[in-house]
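Me: I am new to this structure. Please take one part and go through it closely.

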Amino acid sequence: MEQLNWQKSTFSGEDTDCVEIASDGELIRIRESDEPAIAITTTKAKLTAWLQGAKAGEFDHLTH
């Protein structure tokens, strides 16, 4: 995997334990900052569908 520009949410603050995301061409990589060697790979289309569900509140029950 080439050097990627990892981004975290501004809601993570200064914490180092957060979820990070990077674009790798047509693929999206997602990892936890405290385990950077382990990354999930998905497509932009699949991430878009998941984000739409998250914005609609479909996963809110997982954070309460």
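How many residues lie between β2 and β3 in their hairpin, and which residue in the turn has a positive phi?

Reply: This is a predicted model: local features need pLDDT of at least 70, side-chain atom pairs count only at pLDDT 80 or more, and totals for chains, interfaces and linings use all residues. Residues are numbered from 1 along each chain as its sequence is written, and side-chain values use heavy atoms, without hydrogens and water.

Two residues lie between β2 and β3 in the hairpin. G25 in the turn has the positive phi, about 70°. Strands here are DSSP runs of E, at least two residues, and helices are runs of H or I, at least four; both are numbered from the N terminus.

Start with β2, residues 19-24. β2 runs antiparallel to β3, and six bridges join them. Two strands count as paired if DSSP finds at least two bridges between them. One bridge links V19 to E32 in β3.

Now turn to β1. The pairing of β1 with β2 is also antiparallel, over two bridges. Here Q7 faces I21 of β2, and K8 faces E20.

Step back to the sheet. It is open, with four strands in the order β1-β2-β3-β4 and antiparallel pairing. β1 (7-8) and β4 (39-43) are the edge strands, each paired on one side only.

Next, the two faces. In a regular strand the side chains alternate between the two faces of the sheet. On β2, the covered face holds E20, A22 and D24. V19, I21 and S23 are on the uncovered face.

Last comes helix α1, residues 44-55. Helix α1 lies across β2, β3 (27-32) and β4. Its angle to β4 is about 95°; axes are lines fitted to C-alpha atoms, for helices over the stretch in contact (heavy atoms within 4.5 Å), and angles run from 0 to 180 degrees between N-to-C directions.

Terms used
Buried < 20%, exposed > 50% of the residue type's maximum accessible area, 1.4 Å probe, protein only.
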